[in-house]
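Reader: Hey, could you walk me through this model? I'm new to this, so plain words please.

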Amino acid sequence: MGVRAVLLALVLGLMTMVSGAWAGETGPSFPKAQGNCVEDPATMRRHHFDFLKHQRDDTMRQGIRGAKHSLKECVSCHAQVKDGHAQPINAAGQFCASCHEYAAVSIDCFSCHATTPQQQAEAKR
Ligand code: HEC
Ligand code: HEC
Ligand code: HEC
């Protein structure tokens with residue numbers, strides 16, 4: 001009986017840790033951006049993929065560019081600069097990748113889209 005009680009306590013403890021992760025206390029860690037996000041960070045954590053998809057649909061169908069939820073802007077703010085060079089935002093431990101590895105999400109966006117502001121300037125997208 002004693003062993004079971006201890007195990008139960010451990011499992012409950014783990015569950016609290018996991019839910020705490022999405023509140024930003026533990027879990028994936030990534031370089032912090034400067035300035036203000038396009039929405040508040042809590043909203044972004046929960047809805048960034050919806051925003052990105054709507055934005056893409058708007059651009060592709062209606063030719064709207066430079067709007068609020070542009071993927072280009074995400075990269076400009078969220079790519080970490082180390083020793084004067086921006087790190088690819090989808091590299092291990094970097095902003096987009098850190099959470100996605102943790103949550104086992106895979107995205108194909110960066111097979112086409114630039115992963116650093118420099119690459120954007122060269123490729124213009
Ligand atoms: C003007 C700069 C800026 C732009 C543009 C920007 N962000 Fe942010 N973002 C921030 C800052 C600052 C924070 C809060 C600090 C941090 O977590 O890096 C933040 C937080 C976030 C968070 C929550 C991170 C956490 O703490 O859990 C997500 C997710 C996010 N941004 C995604 C995006 C996406 C996706 C885009 C493009 C649609 C974007 N951001 C555009 C600056 C920006
Ligand atoms: C096969 C190549 C390809 C893939 C994969 C791709 N895109 Fe795009 N995307 C484009 C092209 C081309 C444009 C139009 C270029 C422009 O508007 O500058 C575009 C435009 C966009 C835009 C509007 C422009 C901007 O910078 O905000 C967003 C947002 C966007 N894509 C998001 C995504 C997301 C999110 C994914 C992954 C789920 C993705 N794309 C995957 C090719 C791609
Ligand atoms: C704070 C953690 C976190 C950060 C940072 C983050 N993501 Fe996500 N992202 C998630 C989670 C969790 C999901 C899965 C959500 C779901 O499926 O309900 C997701 C899903 C997505 C999806 C949808 C994938 C699909 O198959 O539908 C796209 C697109 C996406 N993220 C793009 C980005 C981009 C681009 C960045 C960097 C600019 C980024 N994310 C940064 C946590 C994050």
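Reader: Which protein donors does the iron atom of ligand 3 have?

Author: They are His48 (NE2) and His100 (NE2), lying 2.0 Å from the iron. Donors here are N, O and S atoms within 2.8 Å of the metal (3.2 Å for Na, K and Ca), and water is not among the atoms, so sites may look incomplete. One caution up front: this is a predicted model, where local features need pLDDT of at least 70 and side-chain atom pairs count only at pLDDT 80 or more, while totals for chains, interfaces and linings use all residues. Residues are numbered from 1 along each chain as its sequence is written, chains are lettered from A and ligands numbered from 1 in the order in which they are written, and side-chain values use heavy atoms, with hydrogens and water left out.

Reader: Ok, and where in the chain do His48 and His100 sit?

Author: His48 is in helix α2 and His100 in helix α4, 52 residues apart, so the pair links distant parts of the chain. Helices (H or I, at least four residues) and strands (E, at least two) are DSSP runs, numbered from the N terminus.

Reader: What's the arrangement around that iron atom of ligand 3?

Author: Octahedral, because the six donor atoms subtend angles of 87 to 179°. For six donors, that word requires opposite donors over 155 degrees apart and all others between 65 and 115.

Reader: Are His48 and His100 buried or exposed?

Author: His48 counts as partly exposed at 25% relative accessibility, and His100 counts as buried at 18%. Buried means under 20% relative accessible area, exposed over 50%, and partly exposed in between (1.4 Å probe, protein chains only).

Reader: How many residues surround ligand 3?

Author: There are 16, and the closest are His48, Lys53, Cys96, Cys99 and His100. To be in that shell, a residue needs a heavy atom within 4 Å of the ligand. By class, the shell has twelve nonpolar, two polar and two charged residues. Ala, Val, Leu, Ile, Met, Phe, Trp, Tyr, Cys and Pro count as nonpolar, Asp, Glu, Lys and Arg as charged, and the others, Gly among them, as polar.

Reader: And what does the Lys53 side chain do there?

Author: An N or O atom in the side chain of Lys53 is 2.9 Å from an oxygen atom of ligand 3. That is a polar contact, a pair of N or O atoms within 3.5 Å.

Reader: Switching over, what coordinates the iron atom of ligand 1?

Author: Cys37 (SG) and His78 (NE2) do, at 2.0 to 2.2 Å. Cys37 is in the loop between α1 (2-21) and α2 (41-62), while His78 is in helix α3 (residues 71-78), 41 residues apart. Cys37 is partly exposed at 34% relative accessibility, whereas His78 is buried at 16%. The six donor atoms around this iron subtend angles of 87 to 179°, which makes the arrangement octahedral.

Reader: Which element gives the most to the shell around ligand 1?

Author: That's α2, with five residues. The whole shell has 20 residues. Arg45 has a polar side-chain atom 2.8 Å from an oxygen atom of ligand 1.

Reader: Last topic: how many aromatic pairs are there?

Author: One aromatic pair, if you count rings of Phe, Tyr and Trp (its six-membered ring) with centres within 6.5 Å. Phe30 and Phe95 have ring centres 5.1 Å apart and planes at 90°, so the pair is edge-to-face. Planes under 30 degrees apart count as stacked, over 60 as edge-to-face and the rest as tilted. Phe30 lies in the loop between α1 and α2 and Phe95 in helix α4, so the pair ties together parts 65 residues apart in sequence.

Notes. Tetrahedral: all angles 85-135°; square planar, octahedral: opposite > 155°, others 65-115°. Polar contact = N/O pair within 3.5 Å; in protein donor to acceptor, adjacent residues only side chain to side chain.
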